[in-house]
Amino acid sequence: MTEIVLMSDPKVAAVPVADRGEPLVDVRLQESLAVDSRRADDTGAFAHLREDVLTRLLRAQRSLPDGIRLLFVEGYRPPALQRHYFERYAGELRAARPDWSPARVRAAASRYVSPPEIAPHSAGAAVDLTLVGADGRELDMGTRVNASPEESDGACYTDAAGLSPRARANRRTLGAALTAAGLVNYPTEWWHWSYGDRYWALVTGAGNALYGPRERD
C-alpha cells in the first residue's frame, strides 16, 4: 500500500481555494440516482452536492455494468455538524488512548472524520456512497458504509488486506467508475469520494481547490 496522506496533513490545508460559487443542488431530483435515508436530516442538507460533482456522479453511474447502481448515502454536511462529528470522534480516541499527544489524536481522528476547516463534505464536494444490485440490495464491499477503523479492524481502508474476492472486486468496480468521472478516493474510507476540494486538488496536482467549506443558502 502506498503512503496515505491524511486529511490532517498540513499539505491539504495549504491548498488554496478559488471557489466557483456553484450552487448546492438536491440529488433527490435525479430519478436515476438511488438515495439512502440513513443520514437524512430535517433540512435535507445531506442530499445536496455542488452542481458539477453531481454531474460527474451521474456520469459514473452510466458507466457501471448493467444491473448495478450507485447508492448515495451522504453529500453536503454543514460545518457545525462536521465539527461535532470530528470533536466527538477525537474525544473517543483521547479516552481510549490517554497517552496520545493532541497531534496524534488529530491525525488519527482524520482517518475517519475530516478536520472541519478543510472538510470536503462541508464544501459540498464529497459523497459517501456504495453499490446496489438490480434488487436494490447493497453489494458486499467488505464493511458497512461509515465503519470506523476500530470497528472494522482497518478493513474500511480502500486497499485493505484480507478482503474477500467479491468485496475487492466490488470496490474496484466502484472505484473505476468514479475515477473515470474525475473523483478521487480518501484511502482510509472506501465509500468517500470527492471532486474539487482541497484533497482532490492535492491528489490530482491541481493548482487550487474549486470548492471550499460553506454554509448552505
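# Exercises on a sheet and a buried aspartate

Strands β4 and β5 are paired antiparallel, with 5 bridges between them. The model is a predicted one, and the exercises below start from this pair of strands.

**Exercise 1. Find which strands β5 pairs with, and name bridge partners of Asp128.**

Step 1. On one side, β5 is joined to β4 in the antiparallel sense. Within this pairing, Glu74 has Asp128 as its bridge partner.

Step 2. Strand β5 also runs antiparallel to β7, and 3 bridges join the two. Here the bridge partner of Asp128 is His192.

Step 3. Asp128 is thus a bridge partner of Glu74 and of His192.

**Exercise 2. Place the 5 strands of the sheet in order and identify the edge strands.**

Step 1. The order is β2-β4-β5-β7-β6, in an open sheet with mixed pairing.

Step 2. At the edges are β2 (34-35) and β6 (184-185), each of which pairs on one side only.

Step 3. Take the edge at β2: it runs parallel to β4 (residues 69-74), and 2 bridges join them. Ala34 has Leu71 of β4 as its bridge partner.

Step 4. Two helices can now be added. Helix α6 (residues 165-180) packs on the sheet and touches β4, β5 and β7 (192-194). The direction of α6 makes about 130° with that of β5. Helix α2 (residues 51-62) lies across β4 and β5 (126-132), and runs at about 150° to β4.

**Exercise 3. Decide whether the two faces of β5 are covered or open.**

Step 1. Buried means under 20% relative accessible area.

Step 2. On one side, Ala126, Asp128, Thr130 and Val132 are buried.

Step 3. On the other side, Val127, Leu129 and Leu131 are buried as well, and both faces are covered.

Step 4. Because 7 of the 7 residues of β5 are buried, the strand is largely enclosed by the rest of the structure.

**Exercise 4. Describe the surroundings of Asp197, including its nearest side chain of opposite charge.**

Step 1. Asp197 is located in the loop between β7 and α7 (198-204).

Step 2. Asp197 is buried, and the nearest side chain of opposite charge, that of Arg198, is 8.6 Å away. A salt bridge needs a distance within 4 Å, and Asp197 has none.

Step 3. A polar atom of the Asp197 side chain lies 3.1 Å from the backbone nitrogen of Tyr199.

Step 4. Leaving aside residues up to four places away in sequence, Asp197 touches Pro120, Ala125, Ala209 and Tyr211.

Methods:
Residues numbered from 1 in each chain as written. Predicted model: local features only at pLDDT ≥ 70, side-chain atom pairs only at ≥ 80, totals over all residues. Heavy atoms only, no water. Pairing = 2+ DSSP bridges. Helix = DSSP H or I, 4+ residues; strand = E, 2+ residues; numbered from the N terminus. Contact = heavy atoms within 4.5 Å. Axes fitted to C-alpha atoms, helices over the stretch in contact; angles between N-to-C directions. Buried < 20%, exposed > 50% of the residue type's maximum accessible area, 1.4 Å probe, protein only. Lys, Arg positive; Asp, Glu negative; His and termini not counted. Polar contact = N/O pair within 3.5 Å; in protein donor to acceptor, adjacent residues only side chain to side chain.
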